[in-house]
Amino acid sequence: MSKLLAVGTVAFDAIETPFGKTDKILGGSGTYVGLAASQFGVETGVVSVVGADFLDSDIKMMNAKGINTDGIEIDPNGKTFFWSGKYHNDMNSRDTLITELNVLEHFQPVVPEKFKDAAIVMLGNLHPLTQASVLDQMTEKPKLVVLDTMNFWMDIALDDLHTVLKRVDVITINDEEARQLSGEYSLVNAAKKIHKMGPKYVVIKKGEHGALLFNEDKMFFAPALPLAEVFDPTGAGDTFAGGFCGYLAKTKDISFDNMKNAIIYGSNLASFCVEKFGTQRMEKLTANEVKERLNAFKQLTQFDIEIS
Ligand code: AMP
């Protein structure tokens with residue numbers, strides 16, 4: 001089992017979907033990554049910043065899940081990062097209504113001593129310079145650096161994103177963002193271009209249509225589990241990434257073949273995340289539920305065909 005270090009937002013979200021609306025609830029890329037990784041029992045540290053308005057009970061909840069929060073700074077003079085989004089009827093696309101960076105604006109991440117030698121580093125959705133600063137603090141070169149980003153950072157910090165991408169092994173990105181980053185409509189061509197920017201592995205998330213993994217000429221596809229009820233897709237991408245990294249940290253095997261399994265584990269966890277608003281489902285998820293659904297996943301994707 002290896003250590004996992006994740007940097008990302010720990011946030012308040014206000015979400016609107018066709019099924020309802022929430023006021024400020026717990027969210028953030030770092031929160032979702034941490035909760036997903038906690039399913040694997042790996043030592044996970046989250047680096048982030050929150051304001052004085054953040055709830056101690058949320059920190060306690062993360063600690064109870066085994067997430068180390070020593071790297072979450074509490075800025076007594078600031079407000080927690082706030083994001084608000086509204087989903088369209090198909091639940092696959094959303095509009096960002098509000099992004100208030102607040103304490104994130106001047107955030108200087110500090111990696112706790114204990115996590116400076118983490119084997120896997122997950123650079124969750126954040127300003128690329130903040131992501132780079134985490135890598136600068138590692139005392140040992142991580143075995144695997146995984147980066148997630150979004151259009152927001154491509155729009156305002158593209159050059160910095162290109163610089164950090166040179167230090168990254170795996171990028172997880174959604175289809176729309178892969179197209180924006182590469183300027184290519186075909187995801188195969190987009191992955192080829194993104195490879196050239198640095199990451200040897202490109203994971204393209206396609207929401208309810210699954211995820212693709214590219215590595216040089218190799219390609220793998222995992223579907224998303226078709227669900228009867230999707231309440232809120234927020235955090236599904238980060239949960240996927242947390243599951244992907246958590247599995248790799250647990251198994252200590254970063255081969256392409258094992259990454260296929262990591263993608264299945266990530267997709268499996270993301271399928272839970274969307275069943276309730278915010279982090280609710282991930283907070284209550286049990287190991288048995290995860291196992292059961294993995295079996296359903298296996299049956300969904302397994303077939304025997306004779307090719308003559
Ligand atoms: P996902 O649905 O996986 O893309 O992640 C949603 C989470 O990302 C929400 O909980 C937000 O708090 C967080 N988020 C939204 N915008 C940003 C941003 N620009 N940078 C970092 N995190 C963000």
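In this predicted model, Asn-215 stands opposite Lys-218, a residue of strand β15. The two strands concerned are β14, which covers residues 211-215, and β15, which covers residues 218-222, and they pair in the antiparallel sense over five bridges. Together β14 and β15 form a hairpin with two residues between them, and in that turn Glu-216 has a positive phi of about 50°.

The second topic is the ligand and the residues around it. There are 19 residues around the ligand, and of these Asp-13, Gly-28, Arg-94, Gly-235 and Asp-238 come nearest. For Gly-28, Gly-235 and Asp-238, the table lists the distance between an N or O atom of the residue and an oxygen atom of the ligand.

| Residue | Part of the residue | Ligand atom | Distance |
|---|---|---|---|
| Gly-28 | backbone N or O atom | oxygen | 2.7 Å |
| Gly-235 | backbone N or O atom | oxygen | 2.7 Å |
| Asp-238 | side-chain N or O atom | oxygen | 2.7 Å |

On its own the ligand has 500 Å² of accessible area, of which the protein covers 95%.

As for the secondary structure elements involved, β2 (11-17), α4 (151-156) and α8 (236-251) each supply at least two residues of the shell around the ligand, and α8 gives the most to this shell, with three residues. By residue class, the shell around the ligand divides into nine nonpolar, seven polar and three charged residues.

How values were computed: Residues are numbered from 1 along each chain as its sequence is written. This is a predicted model: local features need pLDDT of at least 70, side-chain atom pairs count only at pLDDT 80 or more; totals for chains, interfaces and linings use all residues. Side-chain values use heavy atoms; hydrogens and water are left out. A residue is near a molecule or strand if one of its heavy atoms lies within 4 Å of it. A polar contact is a pair of N or O atoms within 3.5 Å; within protein, one must be able to donate a hydrogen and the other to accept it, and residues adjacent in sequence count only if both atoms are side-chain atoms. Accessible areas come from the Shrake-Rupley method with a 1.4 Å probe; for residues, only the protein chains shown count as cover. Helices (H or I, at least four residues) and strands (E, at least two) are DSSP runs, numbered from the N terminus. Ala, Val, Leu, Ile, Met, Phe, Trp, Tyr, Cys and Pro count as nonpolar, Asp, Glu, Lys and Arg as charged, and the others, Gly among them, as polar. Two strands pair if DSSP finds at least two bridges between them.
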